[in-house]
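Okay, everyone, thanks for coming. I'll put the structure up, and then we'll walk through a few spots in it.

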Amino acid sequence: MDLKSTIIRIAWWGLHFGEEFPFVGDKGAGTIFFTGCNLRCVYCQNYQISQQGIGKNYSLQELVEIILKLQERGALNIDLVTPTIWARQIKEALVEAKKNGLRLPVLWNSNAYEEVEMLKTFEGLVDIYLPDFKYSDNELAFKYSGIKNYVEKAKAAIKEMQRQVGNLKLTKEGIAERGLLVRHLILPNNIKNSLKALEYLKEIDDNLYISLMSQYEPIHRAKDFPELNQDITQKELDTVFNHLVELGFENGWVQDIGNHSEFLPDFTRKNPFEKEEIKD
Ligand code: SF4
């Protein structure tokens, strides 16, 4: 693959604090949001880039330079967000960046709907996997994200990720060095989906690190689905959390219920995470 002529599409890159503490610390993750996604979730918070194509074309050589710039700027890691459809290109860029001095941990931040064979090609290149295990029900996955066989495929992908890097390992300062953290976004009026998802994860390993996310906001096409057209409730979060404890999981994070709408990115801005537009 020629680095100068191969194109990849990126929506935003920079130092970012939008992940759990072990992945951002005080310095920020070196995050790269790729344009496009292999799912089409009706409630996607990043729908502008996952489904509407916002972003800019870069050569793979430029991606290598971006990775190395993030390292120079003091990023804690290289955080690849929605990388799946660009896997082949990203792999080439990572190999080249490592040849040119990349020494930060690399995070693969995905929806877990990925081929095991593809993931195998990242063994030794990715240090930390952050899959979002979204569904325990294939019908729901089809209804809300337009994909088939999510459950089987995501479970196999998560097992492969764990085989490569093991469970999450933190430094004594609480910074992630290596390993797997599985996220789960709770959807309103779909608690059974969350309870079963946790049971499936326990079948993989009850020492997994889990991050329960309550940041759901009814945006994009969620209004077309009455059950999705609201926030999740404290009761729903408590029910899922209690099940997590009952199942014996002891490691991970739970996001508080709150108004997360102020954190919704707007990728039409120069910095999608600033509330006010910054002028040059
Ligand atoms: S998998 Fe994530 S990024 Fe992709 S469409 Fe769904 S919510 Fe958006």
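So, H16: its bridge partner in β2 is A29. That pair belongs to a bigger pattern, since β1 and β2 run antiparallel and are joined by six bridges. One caveat before I go on: this is a predicted model.

Staying on β1, which covers residues 7-16, there's a second neighbour too. Strand β3, residues 56-59, is antiparallel to β1, and four bridges join the two. Over there, I7 stands opposite S59. And how much of β1 is buried? Seven of its 10 residues, so the strand is mostly covered. While you're looking at strands, remember that side chains in a regular strand alternate between the two faces of the sheet.

Back to A29 for a second, in strand β2. Is A29 buried or exposed? It's buried, because its relative accessibility is 0% and the cut-off is under 20%. If you skip the neighbours within four places in sequence, A29 touches G14, L15 and H16, along with F23, V24, A75, N77 and D79. For a sense of distance, take A29 and D238: they're 209 residues apart in sequence, and C-alpha to C-alpha they sit 29 Å apart in space.

Now, the pocket, which I guess is what you docking people want. The largest one has a volume of about 1,300 Å³. Its lining comes to 47 residues, and the ones nearest the centre are G18, E19, Q45, N46 and Q215. Several elements give two or more residues to that lining, among them β1, β2, α2 and β5. Which element gives the most? That's β9, with three residues. As for chemistry, the lining splits into 22 nonpolar, 14 polar and 11 charged residues.

Next, a couple of backbone oddities. Most residues other than glycine have a negative phi. Here are two that go the other way. N149 has a phi near 55°, so a positive value, and it isn't a glycine. You'll find N149 in the loop between α6 and α7, where α6 is 138-145 and α7 is 150-165. The other is H220, again not a glycine, with a positive phi of about 55°. H220 is in the loop between β9 and α9. At 19% relative accessibility H220 counts as buried, because the limit is under 20%.

Cysteines, quickly. How many disulfides does the structure hold? Zero. Two cysteines to click on anyway: C37 and C41. C37 counts as partly exposed, because its relative accessibility is 21%, whereas C41 is at 8% and counts as buried.

Last stop, T84. It's in the loop between β4, residues 78-81, and α4, residues 87-99. T84 is a loop residue, yet T84 counts as buried, because its relative accessibility is 13%. What is T84 in contact with, beyond its neighbours within four places in sequence? The list is N38, W108, S110, Y113, E114 and M118.

Okay, that's my tour. Let's go back to the picture and talk.

Notes: Residues numbered from 1 in each chain as written. Predicted model: local features only at pLDDT ≥ 70, side-chain atom pairs only at ≥ 80, totals over all residues. Heavy atoms only, no water. 1 Å grid on protein atoms, 1.4 Å probe; cavity = no way out; pocket = protein on both sides within 12 Å on 5 of 7 lines; lining within 4 Å. Points joined across faces, edges and corners; volume = space filled by probe spheres on them. Nonpolar A, V, L, I, M, F, W, Y, C, P; charged D, E, K, R; others polar. Buried < 20%, exposed > 50% of the residue type's maximum accessible area, 1.4 Å probe, protein only. Pairing = 2+ DSSP bridges. Contact = heavy atoms within 4.5 Å. Disulfide = S-S within 2.5 Å.
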